[in-house]
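Biologist: I would like to learn how to read a model like this one. Please show it, and then we can go through its features.

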Amino acid sequence: MSSSVFEYAPAPESRSIVDIAPSYGLFVDGEFVDGTGEPLKSVNPATEEVLTEVATASEADVDRAVRAARRAFDKVWGPMRPADRGKYLFRIARLLQERAREFAVLESLDNGKPIRESRDVDVPLAAAHFFYHAGWADKLDHAGLGPAPRPLGVAGQVIPWNFPLLMLAWKVAPALATGNTVVLKPAETTPLTALLFAEVCRRADLPPGVVNIVTGAGETGRAVVEHGDVDKVAFTGSTEVGKSIARAVAGTRKKVTLELGGKAANIVFDDAPIDQAVEGIVQGIFFNQGHVCCAGSRLLVQESIHDEVIASLQRRIGTLRVGDPLDKNTDIGAINSAEQLARIRELSDIGEAEGAERWQPACDLPERGFWFPPTVFTNVSPAHRIARDEVFGPVLSVLTFRTPDEAVAKANNTTYGLSAGIWTEKGSRILKIANQLRAGVIWANTFNKFDPTSPFGGYKQSGYGREGGRHGLAAYLKGHDA
Amino acid sequence: MSSDRLAVRKTYKLYVNGAFPRSESGRTYEVTDAKGHFLANAARASRKDARDAVVAARAAFRKWSGTTAYNRGQVLYRVAEVMEGRHVQFCEEVAQSEGLSSSKARAAVDAAIDRWVWYAGWTDKLAAVLGGANPVAGPYFDFSMPEPTGVVAVLAPQQSSLLGLVSVLAPVLATGSTAVVVTSKERPLPAITLAEVLATSDVPGGVVNLLTGDAEELGTWLAEHADVDAIDLTGAPAGRAMEFEREAAGTVKRVLRPPATEPDWTADPGLSRMTPFLETKTVWHPIGV
Amino acid sequence: MACMTHVLDPDALPDDGRALMAPLPPYDDVTRSDSAFRAFLHGLPGVDQVGAESRVAMLGTRSIKTTSKAWAIDTAISMVDLTTLEGADTPGKVRSLAAKARRPDPGDPACPHVAAVCVYGDLAGVAREALGDSGIHVAAVATAFPSGRASRAVKIADVQDAVANGADEIDMVIDRGAFLSGRYLDVYEEIVAVKEACGDAHLKVILETGELVTLDNVRRASWIAMLAGGDFIKTSTGKVNPAATLPVSLVMLEAVRDFRAATGRQIGFKPAGGIRTTKDAIKHLVLINETVGADWLDPDWFRFGASSLLNDLLLQRQKLRTGHYSGPDYVTVD
């Protein structure tokens with residue numbers, strides 16, 4: 001009996017709950033319609049299996065969607081009693097909960113993220129966002145955003161592939177609650193849960209045109225953003241694309257919110273609760289394969305505890321289970337696409353070439369699919385590219401500091417400003433450091449926590465505007481930029 | 001007092017980092033009154049003056065943003081007090097610059113002073129109005145608070161030389177940001193007098209930097225400058241705002257777009273000129289024993 | 001400091017009850033004085049309660065199925081300290097428990113036996129005799145269990161009596177009163193004295209974490225027990241709620257992990273009280289597996305202090321074997 005190894009037998013979540021059609025159209029004006037662009041294939045990144053074919057919306061298709069959204073805004077959704085708008089959102093929230101397992105499995109298939117995360121984080125949080133915003137619909141007068149706030153009109157929304165359903169919820173729920181209608185473009189590699197959401201809108205009897213979903217790649221996104229009858233642009237994605245959107249809307253009256261990249265510092269002081277800090281480091285960089293804009297990708301550890309922390313971290317990383325996203329015991333799933341995998345590999349190779357030391361645990365990766373093991377770089381200097389560029393993968397760069405001032409200076413030494421972490425048992429230090437960090441979300445003695453009541457968004461080149469909470473409503477109302 | 005005394009004319013210079021330098025370029029331009037009569041030579045700020053102003057504003061930001069809200073309010077109120085002491089001079093300059101009757105000029109100056117008072121009272125209310133605790137579904141204390149954006153470039157209104165200027169500058173200071181302001185090109189003199197007020201009140205050097213000159217020329221440098229966090233395009237010359245906004249996109253600057261026409265500056269501004277220059281910071285901490 | 005019962009001078013001669021044994025290097029000087037010991041214990045890294053809770057909640061989602069579940073159930077059975085600690089305990093009750101310990105499932109000889117039978121000291125002899133040469137250990141609770149409120153002489157006598165009766169494992173309770181009033185060295189010295197009284201018997205040190213309340217205290221008490229020479233650290237008596245919660249187990253496992261890393265000496269861990277179902281047991285096995293690793297997945301290093309747990313493990317074992325659900329009439333009532 002002794003020295004037996006406790007291996008967990010495979011515990012796959014059944015995929016029979018999802019029913020993927022051979023092809024999907026666009027969701028416009030309450031109907032699924034053909035797209036006129038060249039269709040895309042959606043691939044399971046864990047197996048490279050083609051899941052289905054998805055339509056591409058051309059400029060003309062996007063125009064149809066925007067016109068549908070405009071009609072719905074003018075004739076139905078705008079004039080509707082706010083309490084009824086709220087009730088539709090409550091309905092959607094309930095439907096998301098009822099079909100949670102289906103959404104979770106589909107998300108893991110399409111995105112590659114572990115079922116544990118899609119089941120315990122993405123889907124419940126998406127439902128929570130609809131619940132939260134449902135309640136706002138008839139209470140906007142009390143939101144402190146001025147008297148009788150009015151919606152903007154048609155919102156064009158472009159979302160990324162890292163949290164496909166959750167980002168949809170972050171965008172659609174506040175837009176609808178404030179009385180806007182939407183044209184949403186999901187990411188080209190992860191359109192399936194958005195299309196299932198379209199089905200949910202139909203089941204909720206949401207009036208046609210209130211939510212329109214146009215699938216496609218960058219060109220489709222551009223058509224949404226640049227459409228002349230779009231009043232509001234909301235984008236989550238790379239800083240590079242964010243800049244091009246800011247350029248594209250220059251000189252228009254379109255209101256814009258951008259939630260872009262990050263290179264968050266996770267600062268560990270020598271008096272930190274070490275075991276929880278190590279958990280937080282792991283959660284910070286390996287959650288969702290590191291495909292997280294607010295990932296704690298720069299570990300700033302006080303020099304006096306560097307070796308101890310790295311040893312603990314390596315031991316902990318050794319217990320991470322990399323593999324089949326549908327296995328309920330998987331901690332790290334597949335990289336979302338071949339393209340992203342290539343970028344992670346390239347930056348990691350550069351890190352090594354620049355003199356940083358790469359460490360990866362022994363782990364067997366599946367033969368097919370896109371995989372990258374959890375990776376830690378030590379001996380990283382602030383000048384290294386892996387300390388500056390957003391890798392958007394399971395790659396942690398470790399830097400050290402000696403004093404609180406140095407920690408803050410290094411943490412802020414980035415063009416980004418989305419999030420940061422602080423680990424220390426000293427309360428006054430937390431508040432001081434939190435004050436000095438130029439980042440929109442500060443997690444102290446925790447990391448990567450999200451909630452619909454809590455505003456999220458960045459400083460500097462991590463974007464502008466907030467999503468969530470009272471602040472998130474302002475982005476969809478006239479005249480209020482709070 | 002004899003009426004044939006030869007007047008001592010004032011030299012108008014830039015206001016950068018708490019000092020009054022000439023433009024490093026050595027350039028000046030003629031400023032006339034509303035009827036075209038010569039009033040003075042103003043310094044015509046250059047790219048390098050803009051650069052120096054940004055450096056000064058950045059250097060001043062940490063201290064100014066770290067000043068208590070109560071203290072910032074007092075500093076802003078002090079500006080109003082000192083302006084009041086120069087009431088006559090402001091009225092004269094505004095009347096000359098804008099071609100207003102003396103009563104209308106007085107009304108504009110009164111409103112400008114009152115605007116400082118109004119914003120002085122805002123400094124320690126913003127966090128309560130714009131921040132708060134967020135009831136997250138878990139054992140965490142979670143709160144959000146407004147924080148200043150940083151260095152704000154302001155293209156001040158071209159028409160309203162004092163009230164318009166104060167209306168765009170005071171909110172930037174109230175939120176805790178620092179400012180690089182390009183004044184009205186043709187009506188810069190009240191701005192320089194305001195600089196003298198700022199220099200002799202309690203506003204630390206570098207918190208406000210005033211550049212006289214051409215927003216058309218300086219706007220590009222400020223919009224492109226990587227160390228500027230936000231830009232107010234209110235006074236951008238016609239047809240250039242879009243270009244400046246595109247340039248500002250290069251570093252994801254917060255942009256306050258210009259109104260279609262210059263607004264009625266006497267109207268209640270609400271929060272609309274402060275919120276564009278405020279970030280929201282959200283802090284999470286576990287609740288446990 | 002609430003009560004200064006010890007001189008602060010490290011060179012002063014120890015009084016009669018003073019430690020005879022210094023802790024292992026590199027900690028051999030931390031018990032030299034009250035103040036040094038307090039500084040050491042309060043210098044241990046803190047525990048963030050919410051972080052610890054969310055870690056165990058995540059591990060609680062591990063899905064243990066089929067072959068790994070069968071392995072886990074048999075392993076758990078072999079780790080049970082089958083316990084009866086009632087005022088109404090009799091030799092008959094203990095004999096029946098011993099029989100169950102030897103053959104938990106009379107219908108299946110392949111079912112492993114448990115690790116130990118745990119009783120009050122006066123019944124240790126009965127248990128010893130009933131267990132014979134089965135290899136099953138006899139554990140006795142001692143030191144004025146469960147409150148620990150007696151003089152040290154009485155506690156030592158209690159231990160000596162249990163050992164004389166045949167116990168080869170002693171489950172002692174720490175002096176929580178001394179701990180909570182900051183007299184850490186008192187707690188330490190008492191454990192040292194008890195360990196000495198144990199002779200060859202293994203010592204399990206019960207922290208009674210439900211009375212220590214905070215996870216910081218759990219970590220400090222764990223270190224006191226390990227430094228003092230305890231062979232096992234144990235969560236609870238089973239008489240106080242809450243008993244063995246998963247966050248407490250996590251912190252104690254981190255303590256044994258860190259202690260071995262620093263000193264080379266491995267300490268066992270025994271959660272006791274409140275573990276009633278197979279699901280609870282498997283969560284603990286997962287916790288061990290992913291916190292300290294396979295070295296502790298062994299009855300020599302890990303025990304469950306439980307009474308009703310065994311029957312649930314047996315029911316689940318039958319379900320796995322036969323493929324259908326079992327019922328309470330298919331396991332023995334003890």
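Biologist: How many residues does each of chain B and chain A bring to the contact?

Modeller: First, some ground rules: this is a predicted model, in which local features need pLDDT of at least 70 and side-chain atom pairs count only at pLDDT 80 or more, while totals for chains, interfaces and linings use all residues. Residues are numbered from 1 along each chain as its sequence is written, and chains are lettered from A and ligands numbered from 1 in the order in which they are written. Two residues are in contact if their C-beta atoms, placed from the backbone, lie within 7 Å. Chain B brings 30 residues and chain A brings 38.

Biologist: Which element gives the most to the side of chain B that touches chain A?

Modeller: Elements are DSSP runs numbered from the N terminus: helices are H or I with at least four residues, and strands are E with at least two. β10(B) gives the most to that side, with eight residues. The residues of the side of chain B that touches chain A include 15 nonpolar, nine polar and six charged. Here Ala, Val, Leu, Ile, Met, Phe, Trp, Tyr, Cys and Pro count as nonpolar, Asp, Glu, Lys and Arg as charged, and the others, Gly among them, as polar.

Biologist: Which strand of chain A pairs with β10(B)?

Modeller: Two strands pair if DSSP finds at least two bridges between them. β17(A) pairs with β10(B) in the parallel sense over three bridges. In that pairing, A:I442 stands opposite B:V283.

Biologist: Where does β17(A) sit within chain A, and what does it pair with there?

Modeller: β17(A), residues 441-444, is parallel to β16(A) and joined to it over four bridges. A:S419 stands opposite A:V441 of β17(A). β16(A) also runs parallel to strand β11 (residues 265-268) of chain A, again with four bridges. There, A:I267 has A:I422 as its bridge partner.

Biologist: Which handedness does the unit of β16(A), helix α13 and β17(A) have?

Modeller: A crossover is right-handed if, with the strands pointing away from the viewer, the path from the first strand over the helix to the second runs clockwise. β16(A), helix α13 (residues 427-436) of chain A and β17(A) make a right-handed β-α-β unit.

Biologist: How many residues of β16(A) are buried?

Modeller: A residue is buried if 20 or more other C-beta atoms lie within 10 Å of its own, exposed if 12 or fewer, and partly exposed in between. In β16(A), residues 419-423, five of the five residues are buried. A:S419, A:G421 and A:W423 point one way from the strand, and A:A420 and A:I422 point the other way.

Biologist: Why does A:E259 count as buried?

Modeller: A:E259 counts as buried because it has 28 C-beta neighbours inside 10 Å. It is found in strand β10 (residues 255-259) of chain A. Leaving aside neighbours within four places in sequence, its contacts include A:T236, A:C293 and A:E467. UniProt, in an unreviewed entry, places the feature "active site" at A:E259. Such positions are given in the numbering used here, feature names are shortened, and annotations may be inferred rather than shown by experiment.

Biologist: What does chain B contain as a whole, in helices and strands?

Modeller: Chain B has nine helices and ten strands. Buried residues make up 54% of its 289 residues. Its C-alpha trace spans about 85 × 40 × 35 Å along the principal axes.
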